[in-house]
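Visitor: I'm new to reading protein structures. Could you walk me through one, a feature at a time?

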Amino acid sequence: MNLVEVEGLDVSFGGARVVKDVSLHVAAGECLALVGESGSGKSVTARALLGLNRSASVTARALRVGGRDARAYGEKQWRDVRGAEVGLVSQDALVALDPLRRVGDEVVEALRLHRPGEREAWPARVVEALAEAGVGEPARRARQYPHQLSGGLRQRALIAAALAARPALLIADEPTTALDVVVQRQILRLLAELTAGGRGLLLISHDLAVVASLAHRVAVMRDGEVVETGPTSRVLTRPSHPYTRMLVDAARGAHPAREPVVDPVPLVRVDAVGKSFGPHRVVDGVSLTIGAGETVGLVGESGSGKTTVARVVMGLTEPDQGAVTLRGEPWSGLPERARRARRRDVQLISQNPLAAFDPRYTVARIVGEALPRAGRAERVRELLASVGLAPDLAARRPHQLSGGQRQRVAIARALAPDPAVLVCDEPVSALDVSVQAQVLDLLADLQRRTGVALLFITHDLRVVEGISDRLLIMKDGVVVEQGATADVFREPRHPYTRELLAAVPRLDEVAAPV
Amino acid sequence: MTTLLVHRRPARGAASRLPAVVGGLAVALIAAVLLFPSWFATHSPETNDVLNAFAPPSADHLLGTDQLGRDVFSRLVHGARLSVTIGLVATVVGVVLGSALGLAAAAGGKWADVAVMRLTDVWLAFPEVLLALLVIALIGPGAANVAVAIGVAATPYYGRLVRGQALAVARSEYVEAARVLGIGPVRTALRHVLPNVGGPVVVLASLGTGSAVVAAAGLSLLGLGPLPPTPEWGAMLAEGQSYLSTAWWIAVFPGAAIVAVVLAVTALGRAVQSRSLR
Amino acid sequence: MRSVLRRVVAGVAVLWGAVTLTFLAVALTGGNQVDSVIGPDAASVPGLREQVAAQYGLDRPLVVQYADRLGGLLTGDLGRSYQRGQSVWGLLADQVGPTLALAATAAVTGVGLAVLLAVATAGRGRAVRRAASALEALIVALPPFWLGIVLLSVFSFGLRWFPAFGADGPASLVLPALALALPIAGVLAQVMRQELEVAEGRPFALSARARGLGERQLLLRHTLRHALLPVTTLSAWTVGTLVGGAVLVEQVFSRPGLGRVLVEAVKHRDTPVVTAVVTLAALVFVVTSALADLLYPVIDARLRTEEGR
């Protein structure tokens, strides 16, 4: 039986139609993945299944939840559906659980609403639900607050809260996006177990690779429409829609093969650098070189010290130990005055360009800030063209641009002083998959044209696979493995690297059809 | 990223621009009254007409007459200059002193910061009105001293804002981006720090002008402001208070004028604020 | 427990700072203190200045005067009034009661009204919220002393429901307390509604709705608590300012209290009395904000720092 069945769903806010003629269904024991980028309407679709699109007008040819026609449901009837028949798990449990209440209070809430007569049974069910979600020591965790739990445990607690009243269908909206890869894998396994136990799962994600191992069927959404739907193995191996093909390519990390740079001239040499903040040793004995024209990937999870290494290379953080040289001359341990003139050589692209732009500045002023007055306008136009931006964007302010456009502006600004090294700190992790691919291509292309060297810092192994010549893997402030990119991927030596590689979601692990 | 955040932005466009337009027009009107009171006044503000005392609002005397037969509306119009100017001067005093304190804290290193923060802790522990009263007790009453007293009482608010804003901007990624580009500290301070600190200060100052006008009227209600017969709203309130049982309009209208000024500058301040947040 | 101790020490430090600051302010603007004791008429009498200065201890070095001031405060001695010659505490003792009663009544009324207004309008339709926030914006702009005048002319002189002046019984407290409380209620309700709306837009509210929670339950179980945090901070601040506002309202309603004494003292530049009242207000502020600080961890578990993971 289908737990939920939608035909011809339309949702519009004001005059804007954000979901157009969407049809989907989820059966018991089945996982349907709804895949799309931001603004594709996938979350709005999910909310429609819970009657949660307040202030929107929702119409459908058919909308059946738990076998009953839900099209005429009022608020009261929807409340009986929510939590009892359909449970929702959303992205970041730190904010999706009420930070002011204990975990147990959140889990018990659905019982309070849907099992009012079984008050004595609540405490036992809370512990049971937490255990089902894989929370160890469930009785103790129930008494704790969300901030006292690790990210993975919090996400499990959120799942437990959704499971408490035993809904037949679970909607998981980007349930692993806020997590490190290793934890992400554990949560995906939990969701797979829940599906195997007979629950229906509607999994919403921007990442095809994340859903590949879990979903039986995939529906790809774009601009409010489902452009392609079918069994996961078929969609991933023989995508019929060009957009799906693009997503699959992005998820495979398909990039043009690179000619490795042979014996480059070393530009930046980091020698046994260490840095502590208070008692905390953030970076310990890290050495690396960046040669002209090459790309060095620096990979680590949050807290591994990779950003501190980037700041040391930038000359923004002074190391306690070791030294950095730039073009063979000292770069660390200098007064700012001595560094200023040479700063042009090392430029930065950060994860969040919006924060790195003066909010009052136009694009032209941002890009031209460090350029000499003479010929500035001309040079700004050239730079914008080189990152693929139209000249009429020059008059805009950063908040009027899309995420991808902002990152291009940041790249144009970084290129303005004609640097020898670009430090890219998670430059694409805030971007949609298709935009990610464009920005990565742009960086590779710029490198070919200008010969600039890249230090590419990321938590995502898939991103660096196609772009970097050499890789360094960091954990707890130490470089645990380094080598040519292909070698690291083929024969990882350190156990942590193997764990990271194993946790990377892959398209080839396709779930078997029901 | 997909979030299920149900976040409704307040509607922009015509509806949200209304307070800005109304506030702006009202502030312009107030400025006109301030500069050219005789264009608006129907009578002389200081001519007694005892036979016509306590006349209720009428076509001839729009807001009635007071105990000496003076036209309340005309006195309000002429009183605006003093009442609003005291508030403006007080705000300037507060902004100047506060900015000096805040910048000293932000730029002067750790100890200067600690010293200024503890000083403002103590300063903020005094209610504004009482602190202003203390300053008047020390330097004496009068219009100018009232302005100084209110400015001194408001100083820590501006000080805290300037310090916090200056530190936030100085530590911001865009100031760091300027450093990465090799731009020197002086140019960064002029191009990035000052303009981005100034915006919020302007907003707070326009909101603060409203409360400064109220505080000024309050102090002159207590008899500490300009001396009669000078028309000033607080003093008019104080005079009218004695005749409240028979002629409510003498005291009520000056207060209404104060409220109008507060509403106008607040609307304008909020409009500037929401614009700068976009 | 340690955080309580730390808060008390910080409060005492602020008070000490307040006493020092007022002492310095008086000392730096000095000179005129003796004149304010003598008054303008006797200023020319030879030898009188020195005599008076000695009488009030103003001829001693500043350090000694300062130590004397601090020592006096510890024993409850606030010094002597220049104008009336009697002890400051004697002057203020009878007046503290009525002012604190007025301020406390206004505080409770203001906070109560704000919570009622915010809770009653939260989660309602847009029109209701708009109307409520327009009303609040208007109320906030009303100076308490003028509100007092309007209330007087309507309810005392017009309808004759309440007495126009004095402090006899609870009926005389109604109008002045309302005059003080309404603007506060406006400010608090504004902040509270904003916070409620922010909290309603947070992801946890969506999770709660997805469990089947109705809007009213969402308010009571989740968002109200979030809105209480900033309201607690603001309430402490407003209670502090109430003592200042009370001075003006007392004047309008001709009520006995600190206001009357203070205004007299300011006019005669009687600095011992003025500094005593100002310091007293600072004490009220320090106590209320310390209470608020101690209340936060009760509302928000994240602030209970002692508890580890």
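Visitor: Let's start with chain B. Which pattern does chain B follow when read along the sequence?

Guide: Keep in mind that this is a predicted model. Going along its sequence, chain B reads α-α-α-α-α-α-α-α-α-α. In other words, chain B has 10 helices and zero strands. Along the principal axes, its C-alpha atoms fill a box of roughly 80 × 50 × 35 Å.

Visitor: What percentage of the 278 residues in chain B is buried?

Guide: Buried residues account for 51% of them. You can also look at contacts in chain B with a separation of 6 or more: 69% of those come from residues 24 or more positions apart.

Visitor: Now the place where chain B touches chain A. How many residues does each chain bring to the contact?

Guide: Chain A brings 41 residues and chain B brings 24. Together the two chains bury about 2,800 Å², and 53% of that is on carbon and sulfur atoms.

Visitor: What about charges across that interface?

Guide: Here's the general idea: side chains of opposite charge can pair when their charged atoms come close. Across the interface of chain B and chain A there are two salt bridges. B:Glu176 pairs with A:Arg311, with the closest N and O atoms 2.9 Å apart. You'll also find 12 residue pairs in polar contact across this interface.

Visitor: Which helix gives the most to the side of chain B that touches chain A?

Guide: That's H7(B), with seven residues. The residues on this side of chain B divide into 11 nonpolar, six polar and seven charged.

Visitor: Can salt bridges join up into something bigger?

Guide: Here's a case: A:Glu318, A:Glu336, A:Arg339, A:Arg343 and B:Arg179 are linked in a network of salt bridges. Over all chains, a search finds 49 salt bridges.

Visitor: How many residues apart in sequence are the parts that A:Glu294 and A:Arg470 tie together?

Guide: The two side chains meet in a salt bridge at 2.8 Å, N to O. A:Glu294 sits in the loop between strands E13 and E14 of chain A, while A:Arg470 is in strand E20, so this pair ties together parts 176 residues apart in sequence. A:Glu294 is buried, at 5% relative accessible area, whereas A:Arg470 is partly exposed, at 22%.

Visitor: And where are A:Arg490 and A:Asp487?

Guide: Both are in helix H19 of chain A, three residues apart, which puts about one helical turn between them. Their salt bridge has its closest N and O atoms 2.8 Å apart. A:Arg490 counts as exposed at 56% relative accessibility, and A:Asp487 as partly exposed at 39%.

Visitor: Let's zoom in on one residue. Is A:Ser304 buried or exposed?

Guide: A:Ser304 has a relative accessible area of 4%, so it is buried. You'll find A:Ser304 in the loop between strand E14 and helix H12 of chain A. Its side chain reaches the backbone oxygen of A:Glu301 at 2.8 Å. Leaving aside neighbours within four places in sequence, A:Ser304 is in contact with residues including A:Val282 and A:Met474.

Visitor: Last one: how many disulfides does the structure hold?

Guide: As a general idea, a disulfide is a covalent bond between the sulfur atoms of two cysteines. This structure holds zero of them over all chains. Two cysteines to look up are A:Cys31, buried with a relative accessible area of 0%, and A:Cys424, also buried at 0%.

Key
Residues are numbered from 1 along each chain as its sequence is written. Chains are lettered from A and ligands numbered from 1 in the order in which they are written. This is a predicted model: local features need pLDDT of at least 70, side-chain atom pairs count only at pLDDT 80 or more; totals for chains, interfaces and linings use all residues. Side-chain values use heavy atoms; hydrogens and water are left out. Helices (H or I, at least four residues) and strands (E, at least two) are DSSP runs, numbered from the N terminus. Buried means under 20% relative accessible area, exposed over 50%, partly exposed in between (1.4 Å probe, protein chains only). A polar contact is a pair of N or O atoms within 3.5 Å; within protein, one must be able to donate a hydrogen and the other to accept it, and residues adjacent in sequence count only if both atoms are side-chain atoms. Contact means heavy atoms within 4.5 Å. Buried area is the accessible area (1.4 Å probe) that two parts lose on being put together, summed over both. A salt bridge is a side-chain nitrogen of Lys or Arg within 4 Å of a carboxyl oxygen of Asp or Glu. Ala, Val, Leu, Ile, Met, Phe, Trp, Tyr, Cys and Pro count as nonpolar, Asp, Glu, Lys and Arg as charged, and the others, Gly among them, as polar. A disulfide is a pair of cysteine sulfur atoms within 2.5 Å.
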